[in-house]
Amino acid sequence: MPDPYRVWLAEIMLQQTTVPHAAGYFEAFTRRWPGVEALAAAEDGDVMAAWAGLGYYARARNLLKCAREVTAMGDWPRTEAGLRKLPGIGPYTAGAIAALAFGERAPAVDGNVDRVFARLLAAKGAWKEEKARIAGTVRELVPEDRPGEFAEALMDLGATVCTPKRPNCLICPVRAWCAGHAEGAPEQYPLKPAKAAKPKRTGKVFVAFRDGDVLVERRPDKGLLGGMLGLPTTAWVETGASVSPGWTVGEGKGEVIGEVRHVFTHFELRLDVLRMELGQAPEGYHWHDVETVADALPSVFRKALKLVVRA
Ligand code: SF4
């Protein structure tokens, strides 16, 4: 059976991130923290810095919480229901770990599996109900024998054959049972409601230097990019509203170097990037060596720093 620690870590990293992007992080994490106890004993700041660039930082905070709970319990819960109670582990991840690492007859239904089954069933109902139907169908189909391989086979089918835009029905091993294929246009499934456009927010980010150091803060644990290192910024407000000063030290100072854009889950952000020199670190901020800071910054701040360093 695969190591539950590695299965868990991979599944958490892959929740919102592609395999090529997550692979290097997975290698780095497993080299530095080879087991759940090692990760549980890590410093919060080290783990957040190692996660920088992967996005969705609540995952990293939950990763630590989960590692510490498992270590305190003495071992991993070995069932889907037990795993579900751990921080950061939702229905899909619990099912995947239970099936892959413990051989439990549990379903692992993610967006790929939803798509495959929406096509297999030619699911035309309201998407919320169809999702529930798919979850029930997959749960019934998981075999007693090798449930982990069943989960992996479905994941592979969704990732390599029944792909979002161009399902390759010609080579598909389940074509004979596929209602979507029989209808002739399987790629139209899943029939999801159109997504609302994301609101747009704007603000300013300040790249403040002093003798080869750059000014940073440790962001509050709660909220966006919580617990991560960040550059000082104004508040980020909906486009059209006036920019309120979140960081008064920078107001009216600095040279505009350009702008960066970043898409978060619930909004799109555009920040003016300002460069400045500063004598003293204001309260709540500290200096960090500019050579090494980029690796510890989330992508949006990394982009701003790069823009200034290159300018
Ligand atoms: Fe997907 Fe085509 Fe296979 Fe149906 S036959 S599951 S649409 S690849």
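**Pockets, cavities and a ligand**

The largest pocket takes at least three lining residues from domain 1 (4–102) and at least three from domain 2 (111–188). I start there today. One caution: this is a predicted model.

Let me set out the domains. The assignment gives domain 1 at 4–102, domain 2 at 111–188 and domain 3 at 200–310. How far apart are the centres of domain 2 and domain 3? Over C-alpha atoms, the separation is 43 Å.

Back to the largest pocket. Its space comes to about 1,300 Å³. The lining has 33 residues. Closest to the centre are L14, Q15, Y92, D110 and N112. Look for those five on the structure.

Which elements give two or more residues to this lining? They are α1 (4–14), α2 (19–32), α7 (91–102), α8, α9 (127–141) and α10. The most comes from α1, with 6 residues. By class, the lining of the largest pocket splits into 17 nonpolar, 6 polar and 10 charged residues.

Next, the second largest pocket. This one holds about 430 Å³ of space. It is lined by 22 residues. The closest to its centre are G55, Y56, Y57, F264 and T265. Three elements appear here: α5 (58–73), β5 (255–263) and α13 (299–310) each give two or more residues to the lining.

Which domains supply at least three residues each to the second largest pocket? Domain 1 (4–102) and domain 3 (200–310) do. So much for position; now the classes. The lining of the second largest pocket has 11 nonpolar, 10 polar and 1 charged residue.

Now for the cavities. How many of 30 Å³ or more does a search of the whole structure find? The count is 2.

Take the largest cavity. Its volume is about 130 Å³. There are 15 lining residues. Nearest the centre lie C162, C169, C172, V174 and C178. Both α8 (111–120) and α10 (147–161) supply at least two residues of this lining. The largest share is that of α8, with 3 residues. In classes, the lining of the largest cavity has 11 nonpolar, 2 polar and 2 charged residues.

Where does the ligand sit? In the largest cavity. Around the ligand you find R119, V161, C162, P167, C169, C172, V174, R175, C178, H181 and P186. That shell divides into 8 nonpolar, 1 polar and 2 charged residues. Put two lists side by side. C162, C169, C172, V174 and C178 lie nearest the centre of the largest cavity, and those five names also appear around the ligand.

Last stop, the second largest cavity. It has about 30 Å³ of space. Its lining is A106, P107, A108, V138, V142, F150, A151 and L154. Here α10 gives the largest share, 3 residues. Are these lining residues nonpolar, polar or charged? The tally is 8 nonpolar, no polar and no charged.

A quick recap. Keep α10 in view: α10 gives residues to the lining of the largest pocket, to that of the largest cavity and to that of the second largest cavity. Keep domain 1 in view too. Domain 1 helps line the largest pocket along with domain 2, and the second largest pocket along with domain 3. And remember the ligand, in the largest cavity.

Notes:
Residues numbered from 1 in each chain as written. Predicted model: local features only at pLDDT ≥ 70, side-chain atom pairs only at ≥ 80, totals over all residues. Heavy atoms only, no water. Near = heavy atom within 4 Å. 1 Å grid on protein atoms, 1.4 Å probe; cavity = no way out; pocket = protein on both sides within 12 Å on 5 of 7 lines; lining within 4 Å. Sits in = over half its atoms within 2 Å of the grid points. Nonpolar A, V, L, I, M, F, W, Y, C, P; charged D, E, K, R; others polar. Domains from an automatic or database assignment. Points joined across faces, edges and corners; volume = space filled by probe spheres on them. Helix = DSSP H or I, 4+ residues; strand = E, 2+ residues; numbered from the N terminus.
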